[in-house]
Amino acid sequence: MNEQPVIRTQGLTRYFGAKPAVYDLNLEVPRGCVFAFLGRNGSGKTTTIRMLLGLLEPTRGEGSILGHDIRSLPPEVRARIGYLTEDHQLYGWMSVRECGEFQSRFYPLWNEQIFRAVIGHFNLKPTARVKDLSRGERAGLCLGLTLAPEPELLVLDDPAIGLDPVAHRSLIESMIYLTRRSDRTIFFSSHQLADVERVADYVAVLDRSVLQVCCPLETFRNSVRQIRLRFSSAPPPVPKIPGLLQAFRAEGELRLTCMHYNDATEQALRALAPAQMEMVPISLEDAFISYLGERGEKSFILSETEAQP
Amino acid sequence: MSFNITISTGSNTPIYKQITDQVWLAFVTGKLAVGDQLPSVRTLAEDLVVNPNTVARAYADLMRDGLIESRAGRGVFITRKRKVFTREEGWRRLEPLIDAAIGEAMTMDFTHQELREAFEKKLGQWKHVKGGN
């Protein structure tokens with residue numbers, strides 16, 4: 001994971017009318033990693049991906065993919081990128097094998113063995129017609145068509161959407177398989193945090209068009225902490241701590257979720273003189289939800305006036 | 001080798017930690033012995049369907065803690081390099097675990113005496129592991 005990043009953007013911005021869909025995005029995707037691109041629906045993930053692939057003109061800002069400007073990607077560079085979209089475009093009258101033959105003509109590096117391995121992995125008959133395939137089978141076929149040209153960079157836009165558990169597992173296995181080549185990079189958007197936990201090295205989080213996180217997965221996980229403070233009497237008001245994401249007040253207990261937990265945070269909390277204070281382990285999903293959910297005290301907490309007798 | 005790792009996503013424990021915990025548990029309960037071979041990083045990653053870097057991270061931790069060693073060209077084996085932590089460091093790691101157990105016990109109204117007895121009983125069960133007497 002040295003050398004220049006596979007994807008890099010600086011100030012990448014796209015407006016639709018007066019509304020920014022992606023705002024001032026600075027992204028760096030190192031070569032050889034599995035990079036998860038997260039965010040709620042409508043946060044700008046697909047818009048970003050379409051700009052990166054040169055399918056949508058940025059309003060302003062710069063971006064490069066495999067070292068080339070995204071505004072002028074030559075076909076040779078596009079051929080080194082595999083792109084799997086949310087809506088799989090296929091000709092219904094073709095058979096699975098014909099789809100492979102058709103697609104292979106566009107790619108000089110087409111690897112028929114990979115294509116057969118992937119469709120075999122999804123249990124697809126080469127003679128089956130596309131129009132008769134289930135959603136999961138179509139996804140398998142599309143994955144095969146995308147992987148067979150041996151792309152240096154694989155871009156998957158919400159690949160798990162609508163897949164049954166078996167097809168879903170096959171997809172994840174295919175992604176793991178792809179990491180056998182250490183110079184291959186996978187960039188995928190997803191809502192499936194279980195997948196992210198299994199396969200991702202890096203994670204980026206878009207929140208309402210703005211990039212909030214871009215770091216190794218473990219760093220993100222470590223930066224969001226939940227602390228439980230127990231008090232012998234009524235807990236004090238929620239303190240003003242930098243990085244506070246959520247606060248939960250119960251009888252004799254204050255539970256805080258915050259990010260960038262450090263010595264200063266700890267001192268601020270100790271100053272509340274809790275009877276007991278402990279760090280509670282937090283799952284990736286909880287960390288993500290507290291990060292993207294409603295911030296601050298308003299989530300679950302009674303207002304101070306209500307809490308007082 | 002009757003030893004099998006399973007991982008779950010969505011857990012409060014990161015996957016690499018689930019792996020290291022299970023290897024340690026298998027070792028202290030006798031399911032893994034010194035000299036036993038572990039699957040390669042790649043094999044375990046594909047078996048568990050997780051990123052190989054996650055397995056590599058787990059193995060690196062186990063290596064650092066002296067439980068496994070990598071023999072060039074042959075694979076990864078359980079070893080016995082004891083005394084990986086100084087006493088001081090050992091206590092630093094152990095203390096929060098003891099505190100957590102006692103804290104839980106107190107909230108469930110166990111008495112000190114009950115705790116002592118439970119601890120003795122447990123120690124008896126672990127006699128076959130190093131340090132038992």
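Mentor: pLDDT is the predictor's confidence in each residue, from 0 to 100. This is a predicted model, where local features need pLDDT of at least 70 and side-chain atom pairs count only at pLDDT 80 or more, while totals for chains, interfaces and linings use all residues. Residues are numbered from 1 along each chain as its sequence is written, chains are lettered from A and ligands numbered from 1 in the order in which they are written, and side-chain values use heavy atoms, with hydrogens and water left out.

Trainee: Good to know. What pLDDT does chain A average, and what about chain B?

Mentor: Chain A averages 87, with 93% of its residues scoring at least 70. Chain B averages 85, and 89% of its residues score at least 70. For the complex, the predictor gives an ipTM of 0.79 and a pTM of 0.81.

Trainee: Where in chain A is confidence lowest?

Mentor: In helix H11 (residues 304–307) of chain A, at a mean of 38, whereas E5(A) is highest at 96. Helices (H or I, at least four residues) and strands (E, at least two) are DSSP runs, numbered from the N terminus. Over residues 296–309 of chain A, pLDDT stays under 50. The model has 17 contacts for that stretch beyond four places in sequence, contact meaning heavy atoms within 4.5 Å.

Trainee: Okay, let's go to the start of chain A. Which strand does E1 pair with antiparallel over seven bridges?

Mentor: Strand E1 (residues 7–16) of chain A pairs that way with strand E2 (residues 19–29) of chain A; two strands pair if DSSP finds at least two bridges between them. Arg14(A) sits across from Val22(A) in E2(A). E1(A) and E2(A) make a hairpin with two residues between them, and Gly17(A) in the turn has a positive phi of about 65 degrees.

Trainee: And how many bridges join E1(A) to E4?

Mentor: Five, running antiparallel, with strand E4 covering residues 60–65 of chain A. Along that pairing, Thr13(A) is opposite Arg60(A), and Thr9(A) is opposite Gly63(A).

Trainee: So what order do the four strands of that sheet take?

Mentor: E2-E1-E4-E5 of chain A, an open sheet with antiparallel pairing. E2 and strand E5 (68–69) of chain A are at the edges with a single partner strand each, so one side of each has no neighbour in the sheet. Helix H1 (residues 45–52) of chain A lies across E1, E2 and E4 of chain A, at about 120 degrees to E1(A). Axes here are lines fitted to C-alpha atoms, for helices over the stretch in contact, and angles run from 0 to 180 degrees between N-to-C directions.

Trainee: Switching topic: what is the strand order in the sheet that has E12?

Mentor: E12-E13-E11-E14 of chain A, another four-strand open sheet with antiparallel pairing. Strand E12 (244–250) and strand E14 (276–280) of chain A are the edge strands, each pairing on one side only. From one strand to the next, the twist averages 15 degrees. E12(A) pairs with strand E13 (residues 253–259) of chain A over six antiparallel bridges, and Phe248(A) is opposite Arg255(A) there.

Trainee: Which strands does H9 touch?

Mentor: Helix H9 (residues 263–270) of chain A packs on the sheet against strand E11 (224–230), E13 and E14 of chain A, its direction making about 145 degrees with that of E14(A). Helix H10 (residues 284–292) of chain A packs there too, touching E11, E12 and E13 of chain A, at about 100 degrees to E12(A).

Trainee: Now helix pairs. At what angle do H5 and H6 of chain A cross?

Mentor: Roughly 15 degrees, with the axes of H5 (residues 135–147) and H6 (residues 165–178) of chain A coming within 10 Å. H5(A) and H6(A) are therefore roughly parallel: angles under 35 degrees count as roughly parallel, over 145 as roughly antiparallel, 65 to 115 as roughly perpendicular and the rest as oblique.

Trainee: And which residues make that contact?

Mentor: Gly136(A), Leu143(A) and Leu147(A) from H5(A), with Ala167(A), Leu171(A), Ser174(A) and Leu178(A) from H6(A).

Trainee: Last one: how do H1 and H3 of chain B cross?

Mentor: The axes of H1 (residues 15–28) and H3 (residues 52–64) of chain B come within 8 Å and cross at roughly 45 degrees, and the two helices are therefore oblique to each other. Among the residues that meet are Ile19(B) and Trp24(B) in H1(B), and Ala58(B) and Leu62(B) in H3(B).
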